[in-house]
Amino acid sequence: MIIIRAKDYQDMSRKAANIIFAQITMKPDSVLGLATGSSPVGTYNQLIEYYQNGDLDFSNITSINLDEYQGLAPDNEQSYRYFMDTHLFHQVNIDKARTFVPDGLEADTEKACRDYDQIISHEGGIDLQLLGLGRNGHIGFNEPGEAFEKGTHCVPLTESTIEANKRFFASEADVPRHAYTMGIQSIMQAKKILVIVSGADKAEALKEMVQGSITPKIPASILQLHHDVTVVADEAAMSKMAE
Ligand code: GLP
């Protein structure tokens with residue numbers, strides 16, 4: 001695991017964007033695993049800037065997002081599809097047909113999961129997976145549990161995640177209770193993984209992810225077993241790490 005210390009959120013975002021920039025430059029038809037949440041917004045903004053300056057071309061990129069709330073339509077402002085359209089896809093020259101997000105409206109839960117796993121394998125797996133880190137150590141919506149889930153699955157969200165994500169909704173009652181998430185296996189099969197972590201409220205989770213024991217109670221801890229993980233974390237997030 002390579003750990004890059006960033007000064008603050010902006011610095012983290014620039015450093016992370018530069019890693020994605022390098023990936024796209026070296027392999028213009030990369031399959032990017034993308035994430036939502038507050039963490040990647042600055043990274044996406046930086047990538048948009050590179051695109052606008054003519055330095056980055058998304059025309060051959062495929063993207064496969066990590067997760068989606070169950071029951072939310074793509075045009076619902078809280079859906080992750082809407083988030084990705086707004087924060088990245090509509091601002092760069094990516095082919096919209098090559099952007100994938102789990103189908104939150106599929107009535108058949110099993111089918112939604114199966115379809116998504118088929119998309120991932122049909123696209124040949126993920127070249128670079130971008131990850132944020134949940135305060136409870138989750139990645140995607142792989143919540144703390146008794147076992148590492150393998151493929152795409154539908155999860156009941158924990159109280160801590162509902163609490164953390166309610167800031168995006170009118171009220172806590174509006175936060176969906178279930179979400180689809182890419183499984184740990186798909187994430188671990190990505191060729192490269194880039195984790196971005198910012199803020200003191202992530203310090204404990206980051207310490208456990210990097211220096212704790214590998215346990216499904218901290219899903220991100222499994223990343224210690226991946227051969228090519230880069231973590232870009234700001235000083236606040238790194239405040240609890242042992243030297
Ligand atoms: C959310 C998302 C994750 C995200 C994480 C951290 O619940 N499902 O994909 O990485 O929690 O979010 P944030 O970056 O807003 O702190």
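Where does Gln185 lie? Gln185 is in helix 6, which covers residues 184–189. I'll come back to that residue. One thing up front: this is a predicted model.

Let's take the whole chain. The secondary structure comes to seven helices and 10 strands. How does the radius of gyration of the protein chain fit a compact globule? A compact globule of 243 residues would have a radius of gyration near 18 Å. The protein chain has 17 Å, so the two agree. Along the principal axes, the C-alpha trace spans about 45 × 40 × 35 Å.

Now the inside and the outside. Of the 243 residues, 52% are buried. The protein chain exposes about 10,700 Å². Carbon and sulfur atoms supply 50% of that area. On charge, count 21 positive and 34 negative side chains. The centres of those two sets lie 4 Å apart.

Then the contacts. Take those in the protein chain with a separation of 6 or more. Residues 24 or more positions apart account for 80% of them.

Now some single residues. Back to Gln185. Is Gln185 buried or partly exposed? Gln185 counts as partly exposed, because its relative accessibility is 38%. Leave aside its neighbours within four places in sequence, and Gln185 is in contact with Glu149 and Lys150. Glu149 is 36 residues away in sequence. In space, the C-alpha atoms of Gln185 and Glu149 are 7.3 Å apart.

Next, Thr62. This residue lies in strand 3, residues 62–65. Thr62 has a relative accessible area of 4%, so it counts as buried. Which side chain joins that of Thr62 in a polar contact of 2.8 Å? That partner is Arg98. Arg98 also appears among the residues that Thr62 touches, once those up to four places away in sequence are set aside. The others on that list are Ser30, Val31, Leu32, Phe100 and Glu123.

Go to the loop between helix 2 (41–52) and strand 3, and you find Phe58. Phe58 is buried, with a relative accessible area of 2%. Its contacts, apart from neighbours within four places in sequence, include Ile24, Leu47 and Tyr51. Val92, Asn93, Ile94 and Asp95 are in contact with Phe58 too. Compare a distant pair. Phe58 and Leu223 are 165 residues apart in sequence, and their C-alpha atoms are 27 Å apart in space.

On to Ser221. Where is Ser221 placed? Ser221 sits in the loop between helix 7 (203–211) and strand 10 (229–234). Why does Ser221 count as buried? Because its relative accessible area is 0%. A polar atom of the Ser221 side chain lies 2.6 Å from the backbone oxygen of Ile218. Beyond neighbours within four places in sequence, Ser221 is in contact with Phe148, Glu208, Met209, Ser213, Ile214 and Thr215.

Last one, Val175. It is found in the loop between helix 5 (159–165) and strand 8 (178–181). Val175 is buried, at 1% relative accessible area. Not counting residues up to four places away in sequence, Val175 touches Ile162, Lys166 and Phe169. Val175 and Glu77 are 98 residues apart along the chain. Their C-alpha atoms are separated by 12 Å.

To recap two of these loop residues: Ser221 is buried at 0%, and Val175 is buried at 1%. Gln185, in helix 6, is partly exposed. That's the tour.

Methods
Residues numbered from 1 in each chain as written. Predicted model: local features only at pLDDT ≥ 70, side-chain atom pairs only at ≥ 80, totals over all residues. Heavy atoms only, no water. Helix = DSSP H or I, 4+ residues; strand = E, 2+ residues; numbered from the N terminus. Buried < 20%, exposed > 50% of the residue type's maximum accessible area, 1.4 Å probe, protein only. Polar contact = N/O pair within 3.5 Å; in protein donor to acceptor, adjacent residues only side chain to side chain. Contact = heavy atoms within 4.5 Å. Rg over C-alpha atoms; globule rule 2.2 N^0.38 Å. Areas by Shrake-Rupley, 256 points an atom, 1.4 Å probe, with all protein chains shown as cover. Lys, Arg positive; Asp, Glu negative; His and termini not counted. Charge placed at Lys NZ, Arg CZ, Asp CG, Glu CD.
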